[in-house]
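Reader: Could you walk me through the contacts in this model, please?
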Amino acid sequence: MRHFWLCLVLLLSALPARAISIVEVRKSLVRITNTSQEANYRTPWNPGAVGGGTGTGFVIGGNRVLTNAHVVCNARFISVERENDPKHYVAKVLFIAHDCDLAVLSVDDPKFFQGTVAVSFTNQIPQIESSVSVYGYPIGGDRLSVTTGVVSRIAFQPYAHTNADSHLAIQTNAAINPGNSGGPVLQEGKVIGVAFQGFSGEVAQNVGYMIPVPVVQRFLKDIEDGHYDRYMDLSLTTFPLLNPAQRRALGLQEEGGVLVGSVMSGGACDGMLKPGDVILSIDGHAVQSDGFVELDGERVEMPEVVERKFKGDTVAFHILRDKAPLDVTAKFEQAWPFHLQASEYDVKPRYLIFGGLVFQPVSRDFLQANPTDNLRVRFLYNAYVSDEIYKDHPDLVVLSGILPDPVNTYLTGLRGGIVDAVNGCKIKTLQEMADALAKPADQYVIQLMGEGRPIVMERAAVDAARERIKTRYNVRNEQNLSE
Amino acid sequence: MHFFRIAAFLIVSLNAPLLMAREKSEPLAVAENSSVSPVSVVRVNVTSQPYDFLRPWSKRAPFQRRAVGAVLPGSRVLTTAEQVANATCLELEKPDSGEKSPATVEVVDYECDLAIVAPCDPKFLDGFKPLAVVEPALGDELAIWQLESNGTLLKTRAQFTTAEVAPYPVGDDSFLVYRLASALQARDSGFTLPVVKGGALAGMLLRFDSRTQTADVISTPVIRHFLKAAAVKGGYVGFPSAGAQFAALRDPQLRHYAGLTNGNGGVYITRVQPGGPADQAGIQAGDVLLAIGNDPVDQDGNYIDPHYGKVSIAHLLSCGSSEGAEIRFKLSRKGKELSVPVKLTHSDPSQSVIESFSIDKAPRYHIVGGLVFQELSRQFLKEWGPEWTKKAPERFLYFDQYQDELFQNDPRKRIVILSHVLPSPCTVGYEDLNCLVVTKVNGVELKSLADMEAALAKPMDGFHRFEIQGHPGEIVLDAKEVEGIESGLMQNYGLPAMKRL
């Protein structure tokens with residue numbers, strides 16, 4: 001049995017000075033047991049291993065249960081329990097937001113919600129040093145556990161669930177343990193956050209994190225239209241303007257402003273901002289020279305302004321371009337589409353097998369399952385966004401494995417190479433590769449990146465080997481092209 | 001941090017052999033009969049001091065190492081190039097009397113790892129018996145010569161088991177090595193030692209693996225080629241090559257694709273270096289190399305050497321002919337056979353965009369207001385310690401490994417980098433910048449660090465503008481301020497000079 005917590009982290013709770021009664025809290029608290037199946041990126045044609053664990057959730061309005069995405073990701077079967085009710089109820093994921101580690105569940109049996117109390121959220125970020133209480137089922141116990149502490153810090157933090165997103169998070173010193181994930185953190189009878197991650201004792205002491213109410217509210221608002229659109233992103237990098245000479249050279253007379261270092265093509269600011277621009281203000285909030293803005297009386301990093309935006313919203317910049325002031329407005333048409341550097345959940349690994357050669361797109365999950373010393377793969381993966389590798393290679397299709405067979409017996413040294421072209425056609429995605437290999441031809445010449453020998457596969461030999469390979473290696477499907 | 005580790009490693013490796021020697025009173029090795037006079041070898045004592053590429057204005061701590069060199073005709077001594085690398089003090093020492101003479105490096109080739117050393121006193125080696133060079137045969141019993149600390153010659157038997165082309169320690173080249181099986185013990189001269197057959201030189205020890213008791217030896221053909229090239233009036237030129245890479249052609253599907261219908265030999269040319277010998281001869285990637293001269297090439301790229309049997313054609317090309325020689329390549333292109341003459345030439349490693357080694361050369365640098373600019377080299381990457389291939393900046397490792405491909409059509413001769421920042425009043429806000437590629441200064445494209453000086457002579461509106469590849473795009477310094485803080489910066493950080501070009 002596994003108890004959910006992330007990155008060695010978990011949640012904590014504290015008894016507020018004027019807490020709502022423990023009876024009230026108990027009525028809304030939910031213990032969640034998830035049976036999950038993780039995708040297998042090593043043998044992608046196999047269904048992954050079945051595992052699972054427990055976490056915490058709580059009842060919110062509309063007969064729904066709020067919890068962490070990582071508690072219910074890759075779910076095959078979810079059961080929920082309430083305090084003092086022996087029955088296990090079947091739950092389903094209504095919405096799941098991996099980028100902010102939140103999920104909403106429904107329970108079909110209306111009896112589950114009888115007698116529960118939907119908790120209410122506070123409207124503000126708590127004060128530093130104010131006390132908080134964490135409620136949940138740490139270490140899998142089936143009786144409620146409460147811990148208390150204070151708010152230690154409020155800052156942008158990486159969210160460990162995807163390894164790629166950062167949002168506001170509240171740090172607390174209340175004990176946080178596996179199993180607390182998804183539980184409410186209360187202050188003065190109201191929820192101020194959702195416990196979600198922390199550090200193991202080997203890394204840091206008494207450091208636990210909760211997802212603050214603005215992030216929770218954003219998620220609940222985003223799904224109001226029946227679809228989760230994900231976080232919007234500026235898709236640019238900025239550089240602090242602390243150097244006096246650089247400021248003078250840019251024509252900056254007064255305090256503030258950050259330099260635009262790079263703008264990712266295809267992002268929200270593509271065509272609106274360019275490297276060398278100085279962002280003076282964002283949505284009317286003056287940008288300080290270290291990239292912070294003042295928001296609701298707090299000094300926060302500039303992207304926090306965008307954190308509250310939704311698909312279709314706009315963001316207004318006042319900038320200095322070539323020493324002349326300019327106002328530009330960027331629109332968020334869609335969330336950043338390239339998430340190969342993020343851990344993914346609830347997806348089926350994509351792959352393609354041709355003559356026993358296994359081709360897969362490079363991703364964080366793929367590299368975790370198939371560690372490589374191949375410098376080309378490592379570099380293109382890490383530089384995927386910064387060097388805009390996605391422009392020519394939305395997928396980096398790699399020859400990830402070879403199922404040995406007479407048809408491919410001379411190709412063993414080529415494992416790990418990235419596909420450049422098939423029969424002279426440049427390959428940008430796994431789908432394009434599948435299409436190229438489906439076109440009738442006597443032979444298929446697969447050129448890998450770099451200056452090595454081509455892979456030559458004769459159609460007749462591949463056809464003759466197909467059933468043999470499928471049977472020997474227990475491959476049910478030769479390809480899965482969509483997640 | 002990693003400097004400390006390197007230092008610790010050196011101490012261990014220097015001490016261990018001494019301990020071993022004391023523990024074993026009875027040598028495992030069988031000494032040959034000692035009737036041969038030991039006056040064919042001398043000690044080569046070297047103090048080395050490499051440059052510190054992370055602080056290119058300074059050198060690392062000096063260290064000593066000893067070797068046993070082979071005395072050659074003409075009062076010369078043969079040793080490995082690694083032994084004399086970055087030498088600040090070089091001495092020859094007579095084994096019996098301990099008499100020393102300062103010496104100089106006459107010819108050194110780091111690619112084949114050989115060096116000729118000459119004593120400053122021309123009569124120092126009088127009375128020594130120079131070694132002739134002999135080519136051993138597979139299976140021969142050879143001897144590895146070492147010197148005891150008292151000057152006695154210790155000969156350890158070694159069985160010549162294999163001859164094959166293998167990478168040499170410096171640079172990217174591979175040449176013929178002999179593999180010997182030998183129970184060699186450690187002595188105070190390390191493992192840079194002559195290998196002898198019947199009183200004649202049969203190789204120089206390249207490395208010894210005490211775990212497997214395997215010795216890799218610089219082979220006689222490599223030594224002969226080196227000595228021959230060293231004797232050429234008008235300057236030494238390194239080993240020739242064809243400037244082409246190949247892959248094995250065992251795969252019947254690839255053979256069919258390459259247009260081969262019969263036979264089972266030949267290799268598939270995968271890359272032809274632009275402007276190199278093969279390119280100039282009209283050879284293309286995708287051609288099949290069937291024979292070199294009269295030697296057929298098998299499907300793995302071997303030919304039958306009259307002396308060593310099956311050996312890679314790399315040996316035939318590097319040692320089988322001399323620089324500038326013309327040799328016929330028999331090719332198959334799309335099923336048609338053709339024969340082209342290829343003029344083999346040496347490919348100078350210092351001409352590559354990222355140099356594979358930088359020995360005896362002071363690294364170039366230019367410090368501007370505290371920004372430290374250098375040229376990217378593999379030696380710079382090696383400063384990340386024994387695990388540099390994993391720990392050095394990944395972008396630079398990628399540039400280095402794939403430089404042939406990445407910079408093939410690049411006008412740059414070198415990659416100029418901002419290696420790090422020495423914080424100063426000029427560099428406020430830039431302190432954390434490091435390992436970035438710099439493309440332009442004041443609008444001038446940098447083809448090498450040499451272009452920086454002229455570019456800095458023309459500030460733009462009083463500012464120096466440095467264009468960085470990728471984030472953060474551009475950084476700026478005030479030209480007057482840079483000038484004003486120069487002496488203070490030099491004093492503060494103990495810099496001997498702001499640049500070395």
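Author: A polar contact is a pair of N or O atoms within 3.5 Å; within protein, one must be able to donate a hydrogen and the other to accept it, and residues adjacent in sequence count only if both atoms are side-chain atoms. This is a predicted model, where local features need pLDDT of at least 70, side-chain atom pairs count only at pLDDT 80 or more, and totals for chains, interfaces and linings use all residues. Residues are numbered from 1 along each chain as its sequence is written, chains are lettered from A and ligands numbered from 1 in the order in which they are written, and side-chain values use heavy atoms, with hydrogens and water left out.

Reader: How many residue pairs are in polar contact between domain 1 and domain 3 of chain A?
Author: There are 3 such pairs, both residues at pLDDT 80 or more; the bounds, from an automatic or database domain assignment, are 22-222 for domain 1 and 351-480 for domain 3.

Reader: And what area is buried between domain 1 and domain 3 of chain A?
Author: About 960 Å², with 54% from carbon and sulfur atoms, where buried area is the accessible area (1.4 Å probe) that two parts lose on being put together, summed over both. Tyr41(A), Arg42(A) and Trp45(A) supply 71% of what domain 1 of chain A buries there, more than any other three residues.

Reader: Switching to the chains, how many salt bridges cross the interface of chain B and chain A?
Author: The rule (a side-chain nitrogen of Lys or Arg within 4 Å of a carboxyl oxygen of Asp or Glu) finds 7 across that interface. One salt bridge joins Asp387(A) to Arg395(B), with the closest N and O atoms 2.7 Å apart.
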